[in-house]
Amino acid sequence: MLMKTTPERLAGADGSNSGSDGGPDVPVALVIGSGFGGLGAAIRLAAKGYKVTVLEKLDAPGGRAYVHHRDGYTFDAGPTIITVPYLFEELWALAGRKMSDDITLKHLDPFYRIHFDDGDHFNYSGDPDRQRAEVRRISPSDAPGYERFMKEADYCYELGFKALGDKAFDSIADLIQASPAILKMRGWRSLHQMVAAHLKHPKLRMAMSLQSLLIGGNPFSVTCIYSLINALERKWGVHWAMGGTGALVQGLVSLLQGLGGQLQVNSEVKRIEVESGHAIGVTLADGRFMPADLVVSNADTAWTYRNLVDAQHRKHWTDRRIEGGRYSMSLFVWYFGTNKRFEDIPHHMMVLGPRYEGLLKDIFKHHKLSKDFSLYLHRPTATDPGMAPQGHDTYYVLAPVPHLDSGTDWAAHAEPFRQAVQARLEATVMPGLGQHLTTSFVTTPQDFHDRLLSFKGAAFGLEPLLLQSAWFRPHNRSEDVAGLYMVGASTHPGAGVPGVLMSARALDSVVPVAAEWASRKKA
Ligand SMILES: Cc1cc2nc3c(=O)[nH]c(=O)nc-3n(C[C@H](O)[C@H](O)[C@H](O)COP(=O)(O)OP(=O)(O)OC[C@H]3O[C@@H](n4cnc5c(N)ncnc54)[C@H](O)[C@@H]3O)c2cc1C
């Protein structure tokens, strides 16, 4: 059984940096942020022998995977679609433990249902035969094209995920080495272009391209390399961690503690201190300085460079470069409970609106809040009734919306927008919803900015465009400051739980074991 991770238990009573006491020669690593990337990095560094402390601004770990407990309902704030479980299993193994002793993963079948605006749907599953049958039901003539698409997606998975996903693009030589693979995948095409080359039916084009939205990418502009998501889901399945995604967060925290590391919540880092080009520690919001041999930021990279590292230390990540980047969409998320169970709603459901390309253009290009929207509806109680009081359901529904460049005053717009989302659900898949609502609260792009400190309130960091990927993305080892490292959604390889866990792997490949760091320091 895992220990319950309460803020009181996690924070040192005196707020001190008192992780594993490895003696004066053990190098100290500070990790800013306890998202999946930060926790993955902390576990890897602790396993390498560093004395690790994770500093988290919020009152509990998880970042986008924070857990809200309200009125008997458990709301996972963010990630719900869990795939590539071996990336978690690896962390358990590094801590000398077995994931299955702590976490029960349930395979979901189908993965999700895509509900189209005309009332038709596509049950998206990992079973090749059933998936083929769904494709044929919608468009028999697209069956051969679907096979070709999946073959190409598998190829992108092999090259883009397996070969390059955890490579720290540290130098131009790494980019040159990776270029043949990028050329072979014809990575300059957009995902939608690739899908459209194989499939004719508009519904199938949507069903096979919308996956990039799960990592903040517009299918019409992200590189087709992200078709790897379709292949990756088929290969590894879509899972649910019983108890919610928060169970995975708690599990990782307990691994870190088992390795002698520590998590300090309510500890916002205000500045990364740099001396002679080296990170020497951090200053917290309360003014305390914490010395370190190396600092890893799991905070948004744009925010880290723009707000935590003094401009005089940033030759590469200048304010101008940061502001010139293109940032992913944001999200409006409505969390709610119902006093009845809507048994027809599956665990994961996309409720698409009347427009696809036009809506995405409004969000990503024009930064305009549209009146129509497409929704992702999450009903964990379909699999895990314990997430709500007996006989009730727990939900969240999210709508991709523009980041803060839209100029939307969310304090004024949140409630009308929530009402529009409710009306849409009532008119489509949840008739009578309003009569059964119990608890209800929302997260807006402003919250991504104010609470999670995300530049422009983007939900997924930098947009995963070809020229903002791999070597072009903020490096895992800082270009500007020695001893400073980046993990998480806006460094390489990018957003999504598998992506940020891979970023921790990339970090692992560029940081030596603690003993070597210590002897280099002495030399
Ligand atoms: C609503 C939603 C649904 C999603 N669904 C899925 C999904 O189903 N599957 C999937 O794979 N991905 C999903 N994603 C994406 C995925 O959740 C993220 O890409 C991933 O969790 C981000 O992890 P991270 O390591 O970048 O850290 P984050 O989760 O971004 O955490 C960063 C942490 O750093 C802390 N921090 C920031 N600045 C400071 C500071 N100065 N001092 C101290 N602490 C600081 C923050 O408080 C935060 O806790 C979803 C995202 C959202 C928002």
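This is a short chat about the ligand site, two helix pairs and some backbone features of a predicted model.

Visitor: What kind of model is this, and how are residues numbered?
Guide: The model is predicted, so local features need pLDDT of at least 70 and side-chain atom pairs count only at pLDDT 80 or more, while totals for chains, interfaces and linings use all residues. Residues are numbered from 1 along each chain as its sequence is written, and side-chain values use heavy atoms, with hydrogens and water left out.

Visitor: Which residues come nearest to the ligand?
Guide: G37, E56, R64, I81 and V497, out of 37 residues around the ligand. A residue counts as near if one of its heavy atoms lies within 4 Å.

Visitor: What classes are in that shell?
Guide: There are 21 nonpolar, twelve polar and four charged residues. Ala, Val, Leu, Ile, Met, Phe, Trp, Tyr, Cys and Pro count as nonpolar, Asp, Glu, Lys and Arg as charged, and the others, Gly among them, as polar.

Visitor: Which backbone atoms do ligand oxygens contact?
Guide: Polar contacts are pairs of N or O atoms within 3.5 Å. An oxygen atom of the ligand lies 3.4 Å from a polar backbone atom of G63. For T80 the distance is 3.0 Å, and for A489 it is 2.8 Å.

Visitor: How much of the ligand is buried?
Guide: The protein buries 96% of the 1000 Å² that the ligand exposes when taken alone. Areas come from the Shrake-Rupley method with a 1.4 Å probe.

Visitor: Which element gives the largest share of the shell?
Guide: Helix 17, with three residues. Helices (H or I, at least four residues) and strands (E, at least two) are DSSP runs, numbered from the N terminus.

Visitor: New topic: how do helix 3 and helix 11 pack?
Guide: Their axes come within 9 Å and cross at roughly 25 degrees. Axes are lines fitted to C-alpha atoms over the stretch in contact, with angles from 0 to 180 degrees between N-to-C directions. That makes helix 3 roughly parallel to helix 11, a word used for angles under 35 degrees.

Visitor: And helix 8 with helix 9?
Guide: Those axes are 9 Å apart, at an angle of about 135 degrees. The two helices are therefore oblique to each other.

Visitor: Where are the cis peptide bonds?
Guide: One joins D109 and P110, with omega about 0 degrees. Another runs from H492 to P493, with omega near 5 degrees. P493 is in the loop between strand 19 and helix 17.

Visitor: What is the phi of K456?
Guide: About 60 degrees, positive although K456 is not a glycine. K456 sits in the loop between helix 16 and strand 19.

Definitions and conventions
Polar contact = N/O pair within 3.5 Å; in protein donor to acceptor, adjacent residues only side chain to side chain. Parallel < 35°, antiparallel > 145°, perpendicular 65-115°, else oblique.
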